[in-house]
Amino acid sequence: MPTTFIWNNQRFLPEELVDLQEVPGYVTGVQKVVKFWLSDAEFLAMSTSGSTGVPKVWHHPRARLARSAQATLEHFGLNPGAVAVLGLPADRIGGAMMVIRALVGTLELHLVEPKISLDLPRTTIDFIPLTVPQFQQLIWHEGIRKVLLGGSAAPVAQCPEGTEVYVGYGMTETASHVAVRSLEDEVYRAVGSTRFSVNADGALMVRSPDLGIEELVTNDAAILHNDRAFTLEGRLDFAINSGGIKIHPEQLEQALAAEGIRAAIAPIEDEVFGQLPVLILSDQGQITQAKALLQEWPKNQRPKHYLWLSAWPEVAGGKLDRRGLALWVKSHQDRLCPL
């Protein structure tokens with residue numbers, strides 16, 4: 001059974017897809033990945049998103065991409081002929097890996113325009129990777145079996161019965177996710193042969209011989225349960241140091257998201273404490289509810305000020321640009337309101 005790509009209501013073999021002319025940009029991105037896979041090229045260049053610094057170009061060896069794809073296929077039980085949908089740009093690692101999974105696992109891959117509100121095919125979908133904004137805008141229909149989220153903190157949401165939703169952990173350097181958790185669980189569990197540890201600074205470290213990763217020190221603070229399972233606390237470089245107390249914005253943001261409140265936490269400088277957390281809301285009408293929930297948070301970690309911002313800065317993939325947000329807050333301190 002060959003790999004099949006479906007676009008514009010037509011079916012294409014890999015060789016046929018790369019020969020198509022005058023196609024939209026998102027199909028061109030898929031063509032580039034397919035051409036790489038059909039060629040003798042050894043490395044695929046991928047750019048990082050830039051959410052944690054200046055974007056970098058990472059060159060992945062073919063063997064790493066193949067083993068990562070195979071590990072995902074096995075983990076999610078995707079057999080030859082399974083139906084998947086690509087609504088992510090293939091010039092980023094998340095989209096590129098879905099194309100490679102289709103090629104390695106001989107899947108049927110539907111190509112749809114990568115936008116926030118996806119136009120999904122009306123067919124049973126065995127597997128679909130999504131960003132969180134896409135997930136939030138998804139128009140559900142029966143027959144979506146497995147969803148893999150990536151890109152940022154996952155929301156708490158109700159899904160149709162029979163749909164399994166997972167959150168992936170990974171980065172461009174690891175060629176997609178190396179661990180996943182179910183939406184209802186906080187514990188990430190390893191995919192494939194990957195093993196985890198934590199160094200003296202509390203940073204999660206990744207080791208995966210199959211992927212050619214001997215020891216990758218991440219910038220994520222984590223609690224290790226065993227060498228195959230961990231819980232994330234937040235980014236070490238996003239941590240707010242307030243009087244010696246480390247505050248991880250993601251934890252508070254997820255707690256608020258669980259109650260339907262879209263919020264972000266950014267730092268401001270303070271002469272006494274060094275830094276203080278500030279609550280940013282996108283909906284002014286949610287401040288009363290947010291105040292009530294913050295009373296349950298430890299006092300020395302609780303934001304003392306808030307402000308309202310309807311449109312937040314983002315980087316590729318819909319991730320929050322935390323550095324951009326912090327700079328905006330710093331230059332708009334006249335808008336701060338006491339909590």
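Buried means under 20% relative accessible area, exposed over 50%, and partly exposed in between (1.4 Å probe, protein chains only). The model is predicted: local features need pLDDT of at least 70, side-chain atom pairs count only at pLDDT 80 or more, and totals for chains, interfaces and linings use all residues. Residues are numbered from 1 along each chain as its sequence is written, and side-chain values use heavy atoms, with hydrogens and water left out.

**Exercise 1.** Classify both partners of the D126–R145 salt bridge as buried, partly exposed or exposed.

*Solution.*
Step 1. Apply the salt bridge rule: a side-chain nitrogen of Lys or Arg within 4 Å of a carboxyl oxygen of Asp or Glu. The closest N and O atoms of D126 and R145 are 2.7 Å apart.
Step 2. Take D126. Its relative accessible area is 15%, so D126 is buried.
Step 3. Take R145. Its relative accessible area is 46%, so R145 is partly exposed.

**Exercise 2.** Find the salt bridge partner of R195 and classify both residues.

*Solution.*
Step 1. The R195 side chain meets that of D227, at 3.5 Å from N to O.
Step 2. The two residues lie 32 apart along the chain, and the pair links distant parts of it.
Step 3. R195 has 28% relative accessibility, so it is partly exposed. D227 has 38%, so D227 is partly exposed.

**Exercise 3.** Decide whether D334 is buried or exposed.

*Solution.*
Step 1. Read the accessibility: 67%.
Step 2. Compare with the cut-off. D334 counts as exposed because of that value.

How values were computed. Helices (H or I, at least four residues) and strands (E, at least two) are DSSP runs, numbered from the N terminus.
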